[in-house]
Amino acid sequence: MGEPLFKEPPQELAIEDLMNLPEMLDPHKLAAMRIAIAMVTPSLNAKPDILAPIAYTLVNLSIQFGNSAFSAFGYTFYGLVLCGSPTGIERGYRFGQLGLKLLERFNDRKLYAKVINIFDVFVRHWREPARKTIAPLREAIQVGLEMGDVEYACYNAASYCNYLFFVGERLEQVNLQQQKYIDLLLKFKQEYQIYFGQICRQLVLNLMGAAEDSLILVGESFDERKILPILIETQNGTLLFLLHLAKTILLFIFEDYQQALIHAKEAEKYRGNMVGFLQFAEHNFYYSLTLLATCSNGNEAEQQWALEKVAENQKLMSQWAFHAPANHQHKYDLVEAERAKILGHLDAMTYYEKAIQGAKENGYIQEEALSNELAAKFYLAWSKEKMAADYIQEAYYCYAHWGAKAKVAHLEQQYPQLLTAILQPTNLAIASGLTIASTLMRSVTKSSSKQNLYLDLQAVMKAAQAISQEIELEKLLATLMEITIANAGAQIGHLVLRQEEQWLVVAQADQQLVKTLEIPLEQYSEIPQSLIYAVARTQETAVFEDLSTAMQFASDRYIITHQPKSVLCTPISRQGKLSGILYLENNLTLGAFTNDRIEILQLLTSQAAISVENARLYQQTENYSCTLEAEVKHKTQALNQKAQDLEQTLKKLQQTQGQLIHSEKMSSLGQLVAGIAHEINNPVNFIKGNLTHTENYVADMMSLLMLYEQEYPQPSRAIQDKREEIDLDFLFEDANQTLESMKVGSHRISQIVQSLRNFVRLDEAEIKAVDLHSGIESTLLILQHRLQASENQPEVRVIKEYGDLPLVTCYPSQLNQVFLNIINNAIDAIRDNAQSSKHPEIRICTGVIDREWLRIVIANTDSTIPVSLQERIFEPFFTTKPVGRGQGLGLFVSYSIIQQHRGTLTVRSQPTEGTEFEILLPIY
């Protein structure tokens with residue numbers, strides 16, 4: 001567009017005045033701004049030296065010709081350039097804030113993902129706690145996808161995966177989020193961003209103990225042996241920096257300091273690619289620690305160089321700490337502590353304490369752990385083992401809470417003598433006369449809702465029946481674990497049985513898989529043994545809202561390393577005789593095991609106690625039969641054959657029963673609707689058929705009357721009076737209108753019947769290609785009565801913005817159920833809002849994204865879902881409706897259906913915009 005890049009930064013001016021510049025209207029300048037923004041991404045790796053001129057150009061064009069939506073990016077990008085130097089952080093941050101204000105003023109959501117990426121990845125953390133970048137980055141991913149800005153949505157996803165790790169989030173949660181968004185990156189084939197996220201995720205997996213070799217980045221997410229040569233060949237400086245930084249961190253944490261130093265020096269070669277990233281400061285921190293850890297191994301010249309390099313790094317770190325102490329002050333203090341240790345200065349102790357306290361206050365649990373560990377080594381070098389033990393035990397707790405299982409195991413191997421208080425098993429003592437529930441556990445009461453229990457009675461009876469039907473112990477254990485986990489809302493569960501005077505763990509289960517085991521309890525480390533023994537002794541149900549805070553079990557090794565949240569541990573007994581213990585755990589939420597669920601579980605475990613005893617007797621009988629068979633084989637052969645035939649028959653009956661139950665569940669709604677449709681359809685067809693004849697009869701009678709009038713124009717007085725009495729002219733006109741309205745009405749009923757059939761689609765149980773618009777229309781027709789106005793509530797207007805959709809291969813009836821659940825919830829939300837506007841709306845938009853994805857958005861005004869509830873909205877049994885109005889299964893079922901179709905279902909809700917559900921389905 002004829003616009004050269006500016007080589008010099010804009011002149012000093014009042015940043016606040018830039019907000020009031022006129023709007024840029026020149027189309028050529030707007031095009032130049034757009035082209036300059038498009039140059040940023042390719043320049044980042046190919047020619048980073050022109051990034052600053054691009055920023056100067058964007059700002060100068062705005063100053064000369066006025067502000068536009070592009071100026072929001074320009075000012076923020078200039079803030080990035082300024083923040084590259086510590087002296088420019090304050091001014092750069094103010095330019096970043098100016099960009100955010102302009103983004104809000106112009107309300108251009110197409111630029112949202114770009115501006116947020118620049119501000120939150122490169123600017124915000126130099127002045128604010130880095131933790132504040134997490135939520136905006138997550139939102140920018142969603143907005144970018146909505147606006148079709150896939151590139152920057154993926155950039156935000158890649159940085160989100162990294163920053164989650166560096167701000168100290170629990171590794172288990174970091175891994176789950178990383179896996180989710182790396183899958184998104186893989187779907188869009190963004191190779192650079194994929195590696196950006198995968199390197200950090202493999203670092204997380206190594207720390208969690210999910211790699212064969214903790215020191216090598218090879219595993220589920222990444223393979224450094226295969227990818228490193230590719231990165232070297234392509235000279236991708238950013239990814240090479242990230243890989244060497246990850247290796248530096250990993251090797252330093254596992255105390256391989258020499259190798260860590262090699263990778264820290266390699267990463268330094270590519271620091272120019274990382275200016276502005278949070279990782280830039282992380283490298284400074286670990287590079288200094290690594291230099292100090294290896295300092296004593298070099299000669300005098302090497303030691304002097306290392307100390308000078310650390311001093312250079314610390315000068316930068318102190319400036320960063322001045323502007324953002326929450327992120328950098330404790331890092332500075334820890335490096336100072338290590339430097340004082342090398343130099344023999346006693347103020348090392350003070351710096352260690354400052355580092356520990358600063359990391360703890362600002363949520364950097366990994367650096368709190370590291371500070372404690374290095375302090376322990378400091379005191380150990382002074383032969384102060386007692387003080388060293390205190391610090392190493394605190395480091396152990398912090399690493400365990402963080403989720404770094406591999407590092408926890410490393411500490412156990414390196415410092416067993418300092419961890420004796422933790423690693424040595426202790427006997428839990430409960431004073432005589434006290435129950436488990438009388439300590440920190442929430443006791444089980446009988447105050448559960450009888451209404452909820454009544455509503456679940458049928459499900460409970462079916463579950464109990466399923467347990468009672470199993471006679472083989474292994475199958476019984478599998479069935480019991482599946483049912484108890486489903487009914488209790490648990491993530492994982494374990495079953496412990498008393499066999500031959502010892503406790504054996506016989507089953508382990510999660511929501512997908514049940515494993516049968518036979519491991520003595522004292523050898524099993526996946527449950528809190530102290531809690532199991534306590535429940536065995538008291539024979540009382542123990543329920544914890546957060547077991548990790550229970551002091552009486554604080555020394556249990558499992559609780560230290562896993563930090564379990566909601567826990568339920570209940571005895572299984574019959575006639576006062578304890579036969580087993582059921583342990584359930586849910587780490588997604590606190591207080592997951594409610595009284596209603598506990599009461600249901602107690603009913604099921606009562607049946608389980610009987611079934612376990614019966615299964616054991618059956619197993620004993622089977623064992624005895626085998627022995628007897630060996631002795632009298634020739635006499636029992638026929639009986640065994642019959643028993644096998646009976647067993648096969650029983651299995652077939654059980655399979656048939658299961659198929660019938662499943663079929664009944666899936667078709668009950670269809671049968672009901674189809675039956676109603678059939679019953680309505682017959683009389684309607686009768687009416688429609690006779691309307692045609694009636695219309696002909698009326699027409700014939702009218703023509704005959706008209707013929708009479710023509711042939712006898714002078715009727716008698718009696719006929720004249722009767723004609724006036726019945727208003728014959730009106731009858732002629734109204735009869736035709738009445739017949740026409742009857743035809744319209746019968747046609748309308750036929751449409752409704754057809755829509756009901758389309759909605760249920762009993763003949764379409766198999767997957768097939770359909771037009772989803774017909775399913776949406778059928779759903780709206782069924783819900784028409786709820787959309788209409790009433791005495792106290794306005795009409796809910798439905799706005800349809802249908803795109804040109806291809807036929808989609810799917811299970812039609814299942815997707816119809818999704819549409820029904822979401823639209824029904826939208827109507828409920830509008831009707832339940834006392835401050836609902838006079839013109840509430842439901843908007844349904846459809847379209848195609850990148851020729852690969854079908855997008856359906858169902859949005860409504862006049863309702864908002866709080867941010868704290870949005871992450872739970874798709875959980876089973878979670879509902880915000882009053883008791884009796886919802887079971888919390890509609891959106892959970894809808895989410896499962898969309899997942900089955902390899903799609904996604906997401907929710908976005910803001911106070912000024914209402915609530916929006918988005919469905920993405922693959923076209924093929």
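**Exercise 1. A histidine in a strand**

A polar contact of 3.1 Å joins the side chains of H494 and Y524 in this predicted model. Determine in which strand H494 is found, and whether H494 is buried or exposed.

*Solution.*
Step 1. Locate the residue: H494 belongs to strand β1, which covers residues 492-499.
Step 2. Examine its accessibility. The relative accessible area of H494 is 2%. Buried means under 20%, and H494 is therefore buried.
Step 3. List the surroundings. Leaving aside neighbours within four places in sequence, H494 is in contact with M481, A507, Q508, Y524, E526, I527, I581, L582 and Y583. Y524, the partner in the polar contact, is thus listed among these residues.
Step 4. Compare sequence with space. H494 and E585 are 91 residues apart in sequence, and their C-alpha atoms are 8.9 Å apart in space.

**Exercise 2. An aromatic pair between two helices**

State how many aromatic pairs the structure holds, and describe the pair formed by F252 and Y286.

*Solution.*
Step 1. The count is 27 aromatic pairs.
Step 2. A pair of aromatic rings is described by the distance of the centres and the angle of the planes.
Step 3. For F252 and Y286 the centres are 6.0 Å apart and the planes form an angle of 75 degrees. An angle over 60 degrees counts as edge-to-face, and this pair is edge-to-face.
Step 4. Place both residues: F252 lies in helix α13 (residues 237-253) and Y286 in helix α15 (residues 278-294), so the pair ties together parts that are 34 residues apart in sequence.
Step 5. Consider accessibility. F252 is buried at 3% relative accessibility, and Y286 is buried at 4%.

**Exercise 3. Further rings and charges**

Identify which residues ring pairs link into a cluster, and which residue lies over the face of Y93.

*Solution.*
Step 1. The cluster consists of F122, Y152, Y155, Y192, F196 and F277.
Step 2. R127 lies over the face of Y93, 5.1 Å from the ring centre.
Step 3. A further case is K331, which lies over the face of F285 at 5.9 Å from the ring centre.

**Exercise 4. A hairpin**

Determine in which sense strands β2 and β3 pair, and how many residues stand between them.

*Solution.*
Step 1. Strand β2 covers residues 502-510 and strand β3 residues 514-520; they pair in the antiparallel sense over 5 bridges.
Step 2. One bridge can be named: L504 has P520 in β3 as its partner.
Step 3. With 3 residues between them, β2 and β3 form a hairpin.

**Exercise 5. A covered helix**

Name the buried residues of helix α21 and state what covers them.

*Solution.*
Step 1. Within helix α21 (residues 405-414), A406, K407, V408, H410, L411 and E412 are buried.
Step 2. The cover of these residues includes α11 (191-208), α13, α19 (365-381), α20 (385-402), α22 (420-423) and α27 (557-562).

**Exercise 6. The whole chain and its confidence**

Report what share of the residues count as buried, and where pLDDT stays under 50.

*Solution.*
Step 1. The chain has 36 helices and 13 strands. Of its 924 residues, 48% count as buried.
Step 2. The mean pLDDT is 84, and 85% of the residues reach 70 or more.
Step 3. Over residues 425-456 pLDDT stays under 50, and the model has 55 contacts for this stretch beyond four places in sequence. Residues 654-666 are also below 50, with 4 contacts in the model beyond near neighbours in sequence.

Conventions:
Residues are numbered from 1 along each chain as its sequence is written. This is a predicted model: local features need pLDDT of at least 70, side-chain atom pairs count only at pLDDT 80 or more; totals for chains, interfaces and linings use all residues. Side-chain values use heavy atoms; hydrogens and water are left out. Rings of Phe, Tyr and Trp (its six-membered ring) pair if their centres lie within 6.5 Å; planes under 30 degrees apart count as stacked, over 60 as edge-to-face and the rest as tilted. Helices (H or I, at least four residues) and strands (E, at least two) are DSSP runs, numbered from the N terminus. Buried means under 20% relative accessible area, exposed over 50%, partly exposed in between (1.4 Å probe, protein chains only). A charge sits over a ring if NZ of Lys or CZ of Arg is within 6 Å of the ring centre and within 35 degrees of the ring normal. Contact means heavy atoms within 4.5 Å. A polar contact is a pair of N or O atoms within 3.5 Å; within protein, one must be able to donate a hydrogen and the other to accept it, and residues adjacent in sequence count only if both atoms are side-chain atoms. pLDDT is the predictor's confidence in each residue, from 0 to 100. Two strands pair if DSSP finds at least two bridges between them.
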